[in-house]
Amino acid sequence: MILPTKHIAQNEALIGVGATLLTQLVAPMTVSGLWGRLKHEPNVGTFERFVLAANLLYMIGAIDLKDGMIVKVPA
């Protein structure tokens, strides 16, 4: 579910959902603001998948929380 397999397409795996999340995170945003942008994306689907992808990005150090806002971590 995290990585694509022969049964899970790349854009449906959590890493693909995370990539979609990162492309929409152009400036610091609240969780609800980011969800509002992504809830109609077909590969994101549900709020649960959105949260799982955000947690994955946080665990690998791609995003962080600062003052209640989600921000990209510079590479």
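This is a chat about helix packing, aromatic pairs and one unusual loop residue in a predicted model.

Reader: Hi! Let's start with the helices. At what angle do α1 and α2 pack?

Author: Happy to help! Helix α1 covers residues 14-24 and helix α2 covers residues 31-38; they pack at an angle of about 110°, and their axes are 10 Å apart. The two helices are therefore roughly perpendicular to each other, since angles from 65 to 115 degrees are classed that way.

Reader: Nice. Which residues make the contact?

Author: On the α1 side they are Thr 20, Leu 21 and Gln 24, and on the α2 side Leu 34, Arg 37 and Leu 38.

Reader: And how do those divide into nonpolar, polar and charged?

Author: The contact of α1 with α2 has three nonpolar residues, two polar ones and one charged one.

Reader: Staying with α2, which of its residues are buried?

Author: Leu 34, Trp 35 and Leu 38 are the buried residues of α2. They cover an arc of only 100° around the axis, so they sit on the same side of α2.

Reader: What do the buried residues of α2 pack against?

Author: Their partners are α1, α3 and β2, the last being residues 69-72.

Reader: Changing topic: how many aromatic pairs does the structure hold?

Author: There are three aromatic pairs. One of them joins Trp 35 and Phe 47 edge-to-face, with 5.3 Å centre to centre and 80° between the planes.

Reader: Where in the chain do Trp 35 and Phe 47 sit?

Author: Trp 35 is in helix α2 and Phe 47 in helix α3 (residues 47-59), so you'd find these partners 12 residues apart, and the pair links distant parts of the chain. Their C-alpha atoms are separated by 7.5 Å.

Reader: Is Trp 35 buried or exposed, and what about Phe 47?

Author: Trp 35 counts as buried because its relative accessibility is 18%, and the cut-off for buried is under 20%. Phe 47, at 41% relative accessibility, counts as partly exposed.

Reader: Got it. What about Trp 35 and Phe 50, how are those rings arranged?

Author: Trp 35 and Phe 50 form a tilted pair, 5.4 Å centre to centre with 50° between the planes. Trp 35 lies in helix α2 and Phe 50 in helix α3, so this pair ties together parts that are 15 residues apart in sequence. Phe 50 is buried, with a relative accessible area of 2%.

Reader: Which residues do the ring pairs link into a cluster?

Author: Trp 35, Phe 47 and Phe 50 are linked into a cluster by ring pairs.

Reader: Leaving aside its neighbours within four places in sequence, what is Trp 35 in contact with?

Author: Apart from those neighbours, Trp 35 is in contact with Val 44, Gly 45, Thr 46, Phe 47 and Phe 50.

Reader: Last topic, the unusual loop residue. What is the phi of Asp 67?

Author: Asp 67 has a positive phi of about 55°, although it is not a glycine. Most residues other than glycine have a negative phi.

Reader: Where is Asp 67 found, and is Asp 67 buried or exposed?

Author: Asp 67 is in the loop between β1 (63-66) and β2. With a relative accessible area of 82%, Asp 67 is exposed.

Technical notes
Residues are numbered from 1 along each chain as its sequence is written. This is a predicted model: local features need pLDDT of at least 70, side-chain atom pairs count only at pLDDT 80 or more; totals for chains, interfaces and linings use all residues. Side-chain values use heavy atoms; hydrogens and water are left out. Axes are lines fitted to C-alpha atoms, for helices over the stretch in contact, and angles run from 0 to 180 degrees between N-to-C directions. Helices (H or I, at least four residues) and strands (E, at least two) are DSSP runs, numbered from the N terminus. Angles under 35 degrees count as roughly parallel, over 145 as roughly antiparallel, 65 to 115 as roughly perpendicular and the rest as oblique. Contact means heavy atoms within 4.5 Å. Ala, Val, Leu, Ile, Met, Phe, Trp, Tyr, Cys and Pro count as nonpolar, Asp, Glu, Lys and Arg as charged, and the others, Gly among them, as polar. Rings of Phe, Tyr and Trp (its six-membered ring) pair if their centres lie within 6.5 Å; planes under 30 degrees apart count as stacked, over 60 as edge-to-face and the rest as tilted. Buried means under 20% relative accessible area, exposed over 50%, partly exposed in between (1.4 Å probe, protein chains only). The arc is that of the directions from the helix axis to the C-beta atoms.
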